[in-house]
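Visitor: Hi, I'm new to this one. Can you walk me through it?
Guide: Sure, let's have a look together.

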Amino acid sequence: MHRHPTENENRMITIALSKGRIFEETLPLLRAAGIEVLDDPEKSRKLILDTNHADVRVLVVRATDVPTYVQFGGADMGITGKDTLLEHGGDWGSATSGAGLFQPLDLQISKCRISVAVRADFDYAHAVRQGARLKVATKYVAIAREFFATKGVHVDLIKLYGSMELAPLVGMADAIVDLVSTGNTLKANNLVEVEHIMDISARLVVNQAALKLKREPIRNIINAFAGAIGKA
Ligand code: PRP
């Protein structure tokens with residue numbers, strides 16, 4: 001039998017966040033919307049966190065899963081990096097994008113860049129001459145594929161899930177595509193940034209069906225976030 005959502009589920013707003021920097025930098029935005037998270041995800045093992053509002057809850061999910069939770073309605077909205085959204089798929093240049101996700105705001109938090117880096121002794125300019133072939137290790141295969149295709153450089157992509165800096169050091173790849181913030185990780189591993197692919201920041205994403213069904217409470221949160229951008 002078809003199950004109708006309870007009245008509680010209809011009013012409940014669920015926000016997907018990942019632990020770490022995005023979570024910390026999102027707290028002031030939530031506060032601007034009058035929302036206080038009552039648990040600390042670094043201390044608690046709970047995955048559903050209560051807030052001071054009975055009808056607002058926060059899910060703690062893996063960073064790469066935030067777009068999936070919002071797309072499939074497990075969360076009404078979420079906050080995630082532009083890098084994660086691009087890897088998830090869709091055209092993120094516009095406010096209304098594919099995959100049932102509405103992207104109304106650049107929150108201007110968790111800013112960094114995505115770059116190409118190589119060993120300091122590697123001749124990158126020579127390696128990317130027209131028609132050359134480059135071995136690239138990265139977690140960001142979609143971004144890397146698109147970037148090198150535009151440059152006309154053939155790439156063999158090696159998918160990694162972390163510590164990408166190691167790949168050029170052990171001879172597994174010529175280059176990496178990774179997030180750079182301070183540049184300290186590259187420096188500590190004798191790597192140099194040779195191309196800046198794009199700037200990254202955290203984005204608010206909203207499930208399009210939820211936006212229709214719970215328009216007012218979601219609009220209130222979007223407006224409060226918009227008013228708080230850059231002030232945190
Ligand atoms: C990112 C990235 C680099 C590091 C760069 O990792 O993968 O390793 O930050 O920062 P820096 O330029 O300030 O040294 P992150 O800490 O986000 O964790 P991850 O390894 O899980 O991606």
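Visitor: What volume does the largest pocket have?
Guide: About 910 Å³. Keep in mind that this is a predicted model.

Visitor: Which residues are closest to the centre of that pocket?
Guide: Those are A63, D83, K139, Y140 and L179, out of 34 residues that line the largest pocket.

Visitor: And which helices and strands each supply at least two residues of the lining?
Guide: The helices are α2 (21-32), α4 (82-88) and α8 (184-188), and the strands are β4 (77-81) and β9 (175-180).

Visitor: Which one gives the most?
Guide: That's α4, with four residues in the lining of the largest pocket.

Visitor: How do the lining residues divide into nonpolar, polar and charged?
Guide: For the largest pocket you get 12 nonpolar, 13 polar and nine charged.

Visitor: Which domains does the lining draw at least three residues from?
Guide: Both domain 1 (7-110 + 201-228) and domain 2 (112-199) contribute at least three residues each to the lining of the largest pocket.

Visitor: OK, switching to the ligand. Which residues surround it?
Guide: Around the ligand you'll find K139, E165 and then D178, L179, V180, S181, T182, G183, N184 and T185. K139 and L179 also turned up among the residues closest to the centre of the largest pocket.

Visitor: What does K139 do there, distance-wise?
Guide: An N or O atom in the K139 side chain sits 3.1 Å from an oxygen atom of the ligand.

Visitor: And G183, is it the backbone or the side chain that lies 2.7 Å from a ligand oxygen?
Guide: For G183 it's a backbone N or O atom, 2.7 Å from an oxygen atom of the ligand. T185 uses a polar side-chain atom instead, and that atom is 2.4 Å from a ligand oxygen.

Visitor: How much of the ligand does the protein bury?
Guide: Taken alone, the ligand exposes 500 Å², and the protein buries 63% of that.

Visitor: New topic: the backbone. What's the phi of S163?
Guide: S163 has a positive phi of about 45°, although it isn't a glycine. Most residues other than glycine have a negative phi.

Visitor: Where is S163?
Guide: In the loop between β8 (154-159) and α7 (166-169).

Visitor: What about N190, what's its phi and where does it lie?
Guide: N190 isn't a glycine either, and its phi is positive, about 55°. N190 lies in the loop between α8 and β10 (191-200).

How values were computed:
Residues are numbered from 1 along each chain as its sequence is written. This is a predicted model: local features need pLDDT of at least 70, side-chain atom pairs count only at pLDDT 80 or more; totals for chains, interfaces and linings use all residues. Side-chain values use heavy atoms; hydrogens and water are left out. On a 1 Å grid over the protein atoms alone, a cavity is a set of points where a 1.4 Å probe fits but cannot get out, and a pocket is an open set with protein on both sides within 12 Å along at least five of seven lines; lining residues have an atom within 4 Å of a point. Grid points are joined across faces, edges and corners, and a volume is the space filled by probe spheres set on the points. Ala, Val, Leu, Ile, Met, Phe, Trp, Tyr, Cys and Pro count as nonpolar, Asp, Glu, Lys and Arg as charged, and the others, Gly among them, as polar. Domain bounds come from an automatic or database domain assignment. A residue is near a molecule or strand if one of its heavy atoms lies within 4 Å of it. A polar contact is a pair of N or O atoms within 3.5 Å; within protein, one must be able to donate a hydrogen and the other to accept it, and residues adjacent in sequence count only if both atoms are side-chain atoms. Accessible areas come from the Shrake-Rupley method with a 1.4 Å probe; for residues, only the protein chains shown count as cover.
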